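User: I would like to go through this model step by step, beginning with its sheet and ending with a few single residues. Please reason through each point before giving the value or name.

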Amino acid sequence: MLNYELEAALHAEGYATVCGVDEAGRGPLCGPVVAAACILPDGLVLEGLNDSKKLTPKKRDRLFDLICENAIAYCIAEASVEEIDALNILEADLLAMRRAIDGLAVKAEFALIDGNVARDFQIPARAVVHGDAISPSIAAASILAKVTRDRQCEELDRMYPQYGIAKHKGYGTKAHMDALRTYGPSPIHRKKFIRFLEEDT
């Protein structure tokens, strides 16, 4: 259940600004990975705020606007397909998160990172497993990242309509994999994620 206990404990330790950080697009076969960092006002209640995966697209869109309007600061950043291929998805994920934190208009003194890895950040950070279901700051970041990534997928679908990206959001569905076998990969596909095409030959 979402509550501000993590943020409040950090404030009590002397950290004035705490940001939540989450990502979207770690698993898909194409497109960048998107991360968001968000600092919320103490105790802000946004009706319906939750882990982005538990919300309908319509509710996510509504909350996206509310978060942008009410946050002390937020930043959305990404790591490109080329960076994902050059590094790996975990390192690209962390890179996007660092960029999101660094891009905050109000500097964060501590970061709550969704997941089980929090390393190489320029400020103190803590990994919080299932953090988007615990911390409002992380939940807000998850919505910012998810909505941004979904909107990117709609744009990618307009650029490469043969793959059906708007429908499956780049995940490795049967339809997506069949389209890859038919049309071959596009420049926005992650080479490390589509090695099954080499196995088919």
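**Sheet, cores and loops**

User: In what order do the five strands of the open sheet stand, and which strands are at the edges?
Analyst: This is a predicted model, and in it five strands with mixed pairing form an open sheet in the order β3-β2-β1-β4-β5. A strand at the edge has a single partner strand, so one side of it is left without a neighbour in the sheet. The two strands that stand at the edges in this way are β3 and β5.

User: Which residue in β4 stands opposite Val21, and how many bridges join β1 to β4?
Analyst: The strands β1 and β4 run parallel, and the residue of β4 that stands opposite Val21 is Ile113. The number of bridges that join β1 to β4 is four.

User: Which strands does α5 touch, and what angle does its direction make with that of β1?
Analyst: From one strand to the next, the twist of the sheet averages 20 degrees. Helix α5 packs on this sheet and touches β1, β2, β3, β4 and β5. The angle between the direction of α5 and that of β1 is about 35 degrees.

User: Is the crossing of α2 and α5 left-handed or right-handed, and which word describes how α2 lies to α5?
Analyst: The axes of α2, which covers residues 57-70, and α5 come within 9 Å and cross at roughly 120 degrees. Among the residues that make the contact are Phe64 and Ile67 of α2, together with Ile143 and Val147 of α5. The crossing is left-handed. Because roughly perpendicular covers 65 to 115 degrees and roughly antiparallel begins over 145, an angle of roughly 120 degrees makes the arrangement of α2 to α5 oblique.

User: Which element gives the most to the largest nonpolar core, and how many residues does it give?
Analyst: In soluble globular proteins, nonpolar side chains tend to be buried together. The largest nonpolar core here has 25 residues, of which Cys19, Val21, Ile101 and Leu104 touch the most other members. Elements that give two or more residues to this core include β1 (18-24), β2 (33-39) and α4 (89-102). The one that gives the most is α4, and the number of its residues is eight.

User: How many residues are in the second, separate core?
Analyst: Among the residues that Cys19 touches are Cys38, Ile101, Leu104 and Phe110. Cys38 is included in a second, separate core, as are Leu40, Ala71 and Ile143. The number of residues in that second core is 21.

User: Is Lys169 buried or exposed, and what is its relative accessible area?
Analyst: Lys169 lies in the loop between α6 (165-168) and α7 (174-183), where it has a positive phi of about 60 degrees although it is not a glycine. Since buried means under 20% relative accessible area, Lys169 counts as buried, with a value of 19%.

User: Is His130 buried or exposed, and what is its relative accessible area?
Analyst: His130 also has a positive phi without being a glycine, at about 55 degrees, and its place is in the loop between β5 (125-128) and α5 (136-159). The cut-off for exposed is over 50%, and His130 is therefore exposed, with a relative accessible area of 59%.

User: How far apart in space are Gly27 and Phe193, C-alpha to C-alpha?
Analyst: Gly27 is in the loop between β1 and β2, and it is partly exposed, with a relative accessible area of 39%. Gly27 touches Tyr171, Arg190 and Phe193. Although Gly27 and Phe193 are 166 residues apart in sequence, their C-alpha to C-alpha distance is 8.7 Å.

Technical notes
Residues are numbered from 1 along each chain as its sequence is written. This is a predicted model: local features need pLDDT of at least 70, side-chain atom pairs count only at pLDDT 80 or more; totals for chains, interfaces and linings use all residues. Side-chain values use heavy atoms; hydrogens and water are left out. Buried means under 20% relative accessible area, exposed over 50%, partly exposed in between (1.4 Å probe, protein chains only). A nonpolar core is a set of buried Ala, Val, Leu, Ile, Met, Phe, Trp, Tyr and Cys residues joined through side-chain atoms within 4.5 Å. Contact means heavy atoms within 4.5 Å. Two strands pair if DSSP finds at least two bridges between them. Axes are lines fitted to C-alpha atoms, for helices over the stretch in contact, and angles run from 0 to 180 degrees between N-to-C directions. Angles under 35 degrees count as roughly parallel, over 145 as roughly antiparallel, 65 to 115 as roughly perpendicular and the rest as oblique. A crossing is left-handed if the near helix is turned anticlockwise from the far one by less than a right angle, and right-handed if clockwise. Lists of a residue's contacts leave out its neighbours within four places in sequence.
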